Amino acid sequence: CIGQCLLLDIVLFRGALLFYERALPALCAALLGVSLSGDWRYDAAVLCAWTVPAYVICEVVSTSWHYRMHQRMAQRDMEALATPTILAEARHGAAGARHGAAGARHGATGRVPAVPSSESGARTSSPSSSASSGVFEMIYTRLVYVAFLVQLRFLVSVPIVGAPATLVLSALLHAYDSFELCWGCEGVGVSQRFRLIESHWLFFLGYGGVLATLSVKLSFWDLFAVRAVLYPLYIANASHARFAQLKCRPLPAFQASFGLINSVLQLAELRMRRRQR
C-alpha cells in the first residue's frame, strides 16, 4: 500500500504538478519567450484542468487502498485469533465423537440438536437498514469533520493562542483519520469516536503531532501527498494503540462542531415537518 501511494501521489500527482509549476513555464520562456510564471490565467487553468481533478481521483484511490489494507489486516487478525479456537473445537469434537460412538454401542440416545438463532425468535437487522445507517453515519461524520475544519480556519486568526491551538486541534484531527477505519470495524459510533479522542487527547496529540507539524510547513498539495504515503503506517498501528492507559482531563475539542451540526440537522427536520403539515 505504501509503494502504491508513493507511486500515485508522490511520483505521478506531485511530480506532474511540479512539472506544471516549474518545468513547463521554464520551457515556454526559453523556447517561446512567453512568461507563464505568476500568470493567474495559467495558474487557474492548471488548477482546474489538472490539480483539482487529479487530487480528487488520487484521494479516492488512496483512501480505497488504505481501506483494503485495513480490511486485510483485520482479516488476518481475526484468523490468528480464530485458529486456536478452531483447534480446540476440533479436539473437543473428536473427543465428543469418540464418546458418542461409545454411547451408541451401549444404546445411548443422541443429543438434541441446538435450535438455530433464527428459530429462537431473535431479530436481526436487514442488510438494507444496516447499509442506510452506515451511509447516514458516514455523512454525519463528514459534516462534523467539515465543521471542525471551518472551526480551525477561524481559530488560526485569533492572536497569540490561535496558532498553537490550531496545531493541537490539527493533530487530533489527523489522529482521528488514523483511527477511523479501526473504530468503524469495531462498531464504535461517531460520537463515541470523538469522545475517545477528547478523553485521551494527550495520546492523540502525540499520535497526530508529526502530520500537524507538517501541515504548517508544507503546502496543501505537498501535505496530501506525504499524508497519503504515511497514513498506512498510522492506520496499521491504530489497532495496537493503548491510549486508555494515559489518563487526562477531557478536552472538549469537537463539541462546538457537534453542536453546530446537530442544530442545523434539527432545524432541517423541523422545516421538513412543517412542510409535511
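User: Why is histidine 66 called buried?

Analyst: This is a predicted model, and in it histidine 66 has a relative accessible area of 6%. Buried means under 20%, so histidine 66 makes the cut. The residue sits in helix H2. Setting aside residues up to four places away in sequence, histidine 66 touches Cys1, Cys5, Leu181, Ala228, Tyr231, Pro232 and Ile235.

User: What makes isoleucine 197 count as buried?

Analyst: Its relative accessibility is 0%, and the limit is under 20%, so isoleucine 197 is buried. You'll find isoleucine 197 in helix H5. Leaving aside neighbours within four places in sequence, its contacts are Leu172, Tyr176, Trp183, Phe204 and Phe254. Proline 252 is 55 residues away from isoleucine 197 along the chain, yet their C-alpha atoms are separated by 9.3 Å.

User: Which residues touch the most other members of the largest nonpolar core?

Analyst: Phe179, Trp183, Phe204 and Phe254, out of 34 residues in that core. Helices H2, H3, H4, H5, H6, H8 and H9 each supply at least two of its residues. H4 gives the most, with eight residues. There's another core apart from this one, with 15 residues, including Phe13, Tyr42, Tyr55 and Trp221.

User: What is phenylalanine 179 in contact with, leaving aside its neighbours within four places in sequence?

Analyst: Phe203, Phe204, Tyr207, Ala238, Ala241 and Phe243. Some of those names come back in a ring cluster: ring pairs link Phe179, Trp183, Phe203, Phe204, Tyr207, Tyr234 and Phe243.

User: Why is the pair of phenylalanine 204 and phenylalanine 243 called tilted?

Analyst: Take the distance, then the angle. The ring centres are 5.1 Å apart, and rings pair if their centres lie within 6.5 Å, so this is an aromatic pair. The planes make an angle of 45°. Stacked needs under 30 degrees and edge-to-face needs over 60, so tilted is what remains. The structure holds 21 aromatic pairs.

User: What makes this a link between distant parts of the chain, and how do you know that both rings are buried?

Analyst: Phenylalanine 204 is in helix H6 and phenylalanine 243 is in the loop between H8 and H9, 39 residues apart. As for burial, phenylalanine 204 has 0% relative accessibility and phenylalanine 243 has 13%. The limit is under 20%, so both residues count as buried.

User: How do you know that arginine 14 and aspartate 222 form a salt bridge?

Analyst: Their side chains meet at 2.2 Å, N to O. A salt bridge asks for a nitrogen of Lys or Arg within 4 Å of a carboxyl oxygen of Asp or Glu, so the pair qualifies. Arginine 14 is in helix H1 and aspartate 222 in helix H8, 208 residues apart, so this is a link between distant parts of the chain. Arginine 14 also meets glutamate 21, at 3.5 Å, N to O. Together, Arg14, Glu21 and Asp222 are linked in a network of salt bridges.

User: Why is arginine 14 called buried, while glutamate 21 and aspartate 222 are called partly exposed?

Analyst: Arginine 14 has a relative accessible area of 15%, and buried is under 20%, so the label fits. Glutamate 21 is at 36% and aspartate 222 at 22%. Exposed needs over 50% and buried under 20%, so these two fall in between.

User: What makes glutamate 59 and arginine 227 a salt bridge?

Analyst: Their closest N and O atoms are 3.2 Å apart, and the limit is within 4 Å, so the pair counts. The pair links distant parts of the chain, with glutamate 59 in helix H2 and arginine 227 in helix H8, 168 residues apart. At a relative accessible area of 24%, glutamate 59 is partly exposed, whereas arginine 227 is buried at 16%. The structure holds four salt bridges.

User: Why is valine 11 called partly exposed?

Analyst: Valine 11 has a relative accessible area of 48%. Exposed begins over 50% and buried is under 20%, so valine 11 lands in between. Valine 11 is in helix H1, and together with Leu6, Leu7, Ile10 and Leu12 makes a nonpolar surface patch of about 430 Å².

Note on methods. Residues numbered from 1 in each chain as written. Predicted model: local features only at pLDDT ≥ 70, side-chain atom pairs only at ≥ 80, totals over all residues. Heavy atoms only, no water. Patch = residues over 30% accessible without salt bridge, like charges linked within 9 Å, V, L, I, M, F, W, Y side chains within 5 Å. Areas by Shrake-Rupley, 256 points an atom, 1.4 Å probe, with all protein chains shown as cover. Helix = DSSP H or I, 4+ residues; strand = E, 2+ residues; numbered from the N terminus. Buried < 20%, exposed > 50% of the residue type's maximum accessible area, 1.4 Å probe, protein only. Core = buried A, V, L, I, M, F, W, Y, C linked by side-chain atoms within 4.5 Å. Contact = heavy atoms within 4.5 Å. Phe/Tyr/Trp six-rings, centres within 6.5 Å; stacked < 30°, edge-to-face > 60°.
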